[in-house]
Amino acid sequence: MAVRRVLNMGHPLLRQVARPLKATEIGSPEIARLIDDMVDTLHDYGGIGLAAPQVGAGVRLAIIEIAGGPTRYGELEPMPLTVFVNPQIEVLNAQTAGYWEGCLSVPGLRGFVERPRHVRVEYLDLHGEAHAMELQGFTATVFQHEFDHLDGKLFVDRMNDMSQLSFEREYERFHL
Ligand code: NI
C-alpha cells in the first residue's frame with residue numbers, strides 16, 4: 001500500500017478517456033494494489049472521491065467515501081468507502097442542482113457547477129458483481145464529478161459562469 005501522487009490539472013493523463021476493466025482484470029493483484037493505493041491516497045490527501053486517472057491509471061475505476069453529517073447543503077447521508085468499476089450513469093431528472101465543487105486535481109480552487117439532480121448508477125464492485133443505486137442532490141453531484149474523471153473531464157469544464165471560479169480563501173470569504 002502506498003500513497004500515490006495526484007496529478008494536477010494540465011497533466012494530459014487527466015484528459016484521456018479511461019478504458020473499461022475486463023472481467024479477468026477485476027480482482028487481479030494489480031487492480032487490488034491500485035485500489036489499495038487509491039484508498040491510501042484519498043485518506044492522505046483528504047476528500048470524498050478519487051478516480052484512477054487522477055493517479056495516472058487510465059482505467060474506469062473510482063472510489064467514493066462520504067463521512068456524512070451536516071454541511072452547508074444540509075445533512076449529508078454517509079456512504080462507506082465504495083469501489084466503482086466501469087460505472088454507468090443514467091440521468092433520471094435532468095433538472096439541475098448547483099453546488100460548489102473542489103477536486104484534488106484542481107487544488108486550492110472551488111467552482112459552482114450545476115448538474116442533473118437525480119441519477120442512477122450501474123457499476124461492478126471489486127469482485128465483479130453488478131450493483132445499482134439511485135442518488136439525489138449533492139451525492140448525485142459527487143458521483144457525476146468522479147465519473148467525469150473517467151471521461152477526461154474536470155469540474156471546470158462543467159462551469160457555466162467562470163466568474164464563479166474562486167480560490168478557497170475567497171470562496172470562504174465571499175461565497176460561503
Ligand atoms: Ni475530482
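Q: How do you know whether the chain agrees with a compact globule in its radius of gyration?
A: With 176 residues, a compact globule would come out near 16 Å, and the chain has 16 Å, so the two agree. The radius is taken over C-alpha atoms, and the globule rule is 2.2 Å times the number of residues to the power 0.38. Along the principal axes, the C-alpha atoms fill a box of roughly 50 × 35 × 30 Å.

Q: What kind of model is this, and what pLDDT do local features need?
A: It's a predicted model: local features need pLDDT of at least 70 and side-chain atom pairs 80 or more, while totals for chains, interfaces and linings use all residues. Residues are numbered from 1 along each chain as its sequence is written, and side-chain values use heavy atoms, with hydrogens and water left out.

Q: Which elements make up the chain, and in what order do they run?
A: You get three helices and eight strands, running α-β-β-β-β-β-β-β-α-β-α from the N terminus on. These are DSSP runs numbered from the N terminus (helices H or I, at least four residues; strands E, at least two).

Q: How much of the contacts in the chain comes from residues 24 or more positions apart?
A: Among contacts with a separation of 6 or more, such residues account for 63%. Contact here means heavy atoms within 4.5 Å.

Q: What makes Cys103, His145 and His149 donors of the nickel ion?
A: A donor is an N, O or S atom within 2.8 Å of the metal (3.2 Å for Na, K and Ca). The SG of Cys103 and the NE2 atoms of His145 and His149 lie 2.1 to 2.3 Å from the nickel ion, so they pass that cut-off. Water is not among the atoms, so sites may look incomplete. The donor residues are spaced C-x41-H-x3-H in sequence. Cys103 and His145 link distant parts of the chain, 42 residues apart: Cys103 is in the loop between strand 5 (79–101) and strand 6 (109–124), and His145 is in helix 2 (residues 137–148).

Q: Why does Cys103 count as buried or exposed?
A: Buried means under 20% relative accessible area, exposed over 50%, and partly exposed in between (1.4 Å probe, protein chains only). Cys103 has 10%, so it counts as buried. His145, at 6%, is buried too. Over the chain's 176 residues, 46% count as buried.

Q: Why is the pair of Phe84 and Phe147 called stacked, tilted or edge-to-face?
A: Rings of Phe, Tyr and Trp (its six-membered ring) pair if their centres lie within 6.5 Å; planes under 30 degrees apart count as stacked, over 60 as edge-to-face and the rest as tilted. Phe84 and Phe147 have ring centres 5.7 Å apart and planes at 65 degrees, so the pair is edge-to-face. Phe84 in strand 5 and Phe147 in helix 2 are 63 residues apart, linking distant parts of the chain. Phe84 has 0% relative accessibility and counts as buried, and Phe147 counts as buried at 6%.

Q: How do you know how the planes of Tyr99 and Phe138 are arranged?
A: Their ring centres are 5.2 Å apart and their planes sit at 70 degrees, so this pair is edge-to-face. Tyr99 in strand 5 and Phe138 in helix 2 are 39 residues apart and link distant parts of the chain. Both are buried. The count comes to seven aromatic pairs by this rule, and Phe84, Tyr123, Phe143 and Phe147 form one aromatic cluster.

Q: What makes a polar contact between the side chains of Ser166 and His175?
A: The rule wants a pair of N or O atoms within 3.5 Å; within protein, one must be able to donate a hydrogen and the other to accept it, and residues adjacent in sequence count only if both atoms are side-chain atoms. The Ser166–His175 distance is 3.4 Å, and it counts as a polar contact. The Ser166 side chain also reaches the backbone oxygen of Gln164 at 3.3 Å. Ser166 is in strand 8 (residues 166–167) and counts as buried at 7% relative accessibility.

Q: What is the phi of Asn86?
A: Asn86 has a positive phi of about 50 degrees although it is not a glycine. Most residues other than glycine have a negative phi. Asn86 lies in strand 5, and its 19% relative accessibility makes it count as buried.

Q: Why is Gly68 called buried, partly exposed or exposed?
A: Its relative accessible area is 28%, so Gly68 is partly exposed. Gly68 sits in the loop between strand 2 (61–66) and strand 3 (69–71). Its C-alpha atom is separated by 3.8 Å from that of Pro78, ten residues apart along the chain.
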